[in-house]
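Hello,

Here is the structure I said I would pass on to you. Have a look at it first, and then read on for what turned up.

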2 protein chains.
Amino acid sequence: MAIDLPPPGSPREVEEGTAFTPRFGPDGLITALAVDAETGAPLMLAHMNRESLARTLETGEAWYWSRSRGELWHKGATSGQIQTVVEMRVDCDQDALLLRVRVGGDGGCCHTGRRSCFYRAVSVDPGTGTVRLVPAG
Amino acid sequence: MAIDLPPPGSPREVEEGTAFTPRFGPDGLITALAVDAETGAPLMLAHMNRESLARTLETGEAWYWSRSRGELWHKGATSGQIQTVVEMRVDCDQDALLLRVRVGGDGGCCHTGRRSCFYRAVSVDPGTGTVRLVPAG
């Protein structure tokens with residue numbers, strides 16, 4: 001099947017219409033956050049270009065655009081950590097995506113080996129203003 | 001207090017260290033997703049520049065950078081929908097933020113009047129490939 005991703009229309013059509021008209025940035029990318037389909041826990045933030053978004057919709061598995069490698073990235077193709085898309089949501093102005101996914105393989109998402117990329121929280125000392133990272137949660 | 005946001009060090013320091021070294025993009029911005037602190041429900045995706053991030057850490061309330069207006073944006077300053085930051089998380093390569101927030105005022109986040117910006121899901125007809133937006137959830 002061929003996925004058609006038309007350009008955005010009027011603000012009202014973008015916000016209230018039923019047409020999916022994703023707004024790619026000047027770099028041709030749209031931001032996508034993957035969260036656990038069951039728990040809603042945030043897993044990773046990545047980017048999609050037009051082709052990776054079309055492939056994601058065609059296959060039901062998450063494809064991203066690797067900015068560091070400059071190539072299409074079928075998440076989990078080598079690690080087995082395939083992300084099956086249970087639901088894809090889009091925001092009001094259609095320039096951000098949220099993917100509710102089930103993760104295959106060992107259930108990991110992060111290249112550091114962790115389940116989620118968001119494993120640290122930012123802690124501020126209110127007296128001194130010193131900022132440091134601590135384990136999240 | 002003055003918030004210090006030093007530049008990134010080695011990949012290992014960025015991923016495993018305790019120093020908060022946010023990586024701003026070529027446009028000087030870092031992506032930030034706000035989620036409900038209690039339920040984890042995604043609320044909105046926005047961007048921060050160095051100053052809005054520092055103000056967020058200093059005040060405990062979310063400040064963004066409005067790309068459309070080209071100005072600092074104290075979320076809720078006019079609407080009352082102030083976002084009190086319960087926890088700020090950063091991802092592995094420190095180029096994305098996740099804010100767990102409590103929303104003030106009427107509890108809304110989206111400029112369309114909805115609680116969340118992610119109110120629509122992308123639906124694909126597997127036979128025809130036709131894509132349309134439907135209510136999320």
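Below are some notes on one chain, on how the two chains meet, and on a sheet built from both.

Please keep in mind as you read that this is a predicted model.

Let me start with chain A by itself. Its secondary structure comes to two helices and eight strands. Read from the N terminus, the elements follow the order α-β-β-α-β-β-β-β-β-β. If you want a feel for the dimensions, the C-alpha trace of chain A spans about 50 × 35 × 30 Å along its principal axes.

Next comes the interface. On the chain A side 48 residues are in contact with chain B, and they touch 48 residues there. About 4000 Å² is buried between the two chains, with carbon and sulfur atoms giving 59% of that area. Three residues are worth finding on your screen: A:Phe118, A:Arg120 and A:Leu133 supply 16% of what chain A buries against chain B, more than any other three residues.

There are polar links across the interface as well. The two chains share four salt bridges. One that you can look up joins the side chains of A:Glu16 and B:Arg114, at 2.7 Å from N to O. Counting residue pairs in polar contact between the chains, with both residues at pLDDT 80 or more, gives 26. Several elements of chain A give two or more residues to the side that touches chain B, among them helix H1 (11-16), strand S7 (120-124) and strand S8 (131-135). Sorted by class, that side of chain A holds 27 nonpolar, nine polar and twelve charged residues.

Now for the sheet. Which strands make it up, and in what order? It is an open sheet of six strands, ordered S8(A)-S7(A)-S5(B)-S6(B)-S1(B)-S2(B), with mixed pairing. S8 of chain A and strand S2 (42-48) of chain B stand at the edges; each has a single partner strand, so one side of each is left without a neighbour in the sheet. From one strand to the next, the twist averages 35 degrees.

Two of the strand pairings are easy to trace. Within chain B, strand S1 (residues 30-36) runs antiparallel to S2(B), and six bridges join them; there, B:Val35 has B:Pro42 as its bridge partner. Between the chains, S5(A) and strand S7 (residues 120-124) of chain B are antiparallel and joined by two bridges. In that pairing, A:Arg89 has B:Ala121 as its bridge partner.

Enjoy exploring it!

Best wishes

Terms used
Residues are numbered from 1 along each chain as its sequence is written. Chains are lettered from A and ligands numbered from 1 in the order in which they are written. This is a predicted model: local features need pLDDT of at least 70, side-chain atom pairs count only at pLDDT 80 or more; totals for chains, interfaces and linings use all residues. Side-chain values use heavy atoms; hydrogens and water are left out. Contact means heavy atoms within 4.5 Å. Buried area is the accessible area (1.4 Å probe) that two parts lose on being put together, summed over both. A polar contact is a pair of N or O atoms within 3.5 Å; within protein, one must be able to donate a hydrogen and the other to accept it, and residues adjacent in sequence count only if both atoms are side-chain atoms. Helices (H or I, at least four residues) and strands (E, at least two) are DSSP runs, numbered from the N terminus. Ala, Val, Leu, Ile, Met, Phe, Trp, Tyr, Cys and Pro count as nonpolar, Asp, Glu, Lys and Arg as charged, and the others, Gly among them, as polar. Two strands pair if DSSP finds at least two bridges between them. Axes are lines fitted to C-alpha atoms, for helices over the stretch in contact, and angles run from 0 to 180 degrees between N-to-C directions.
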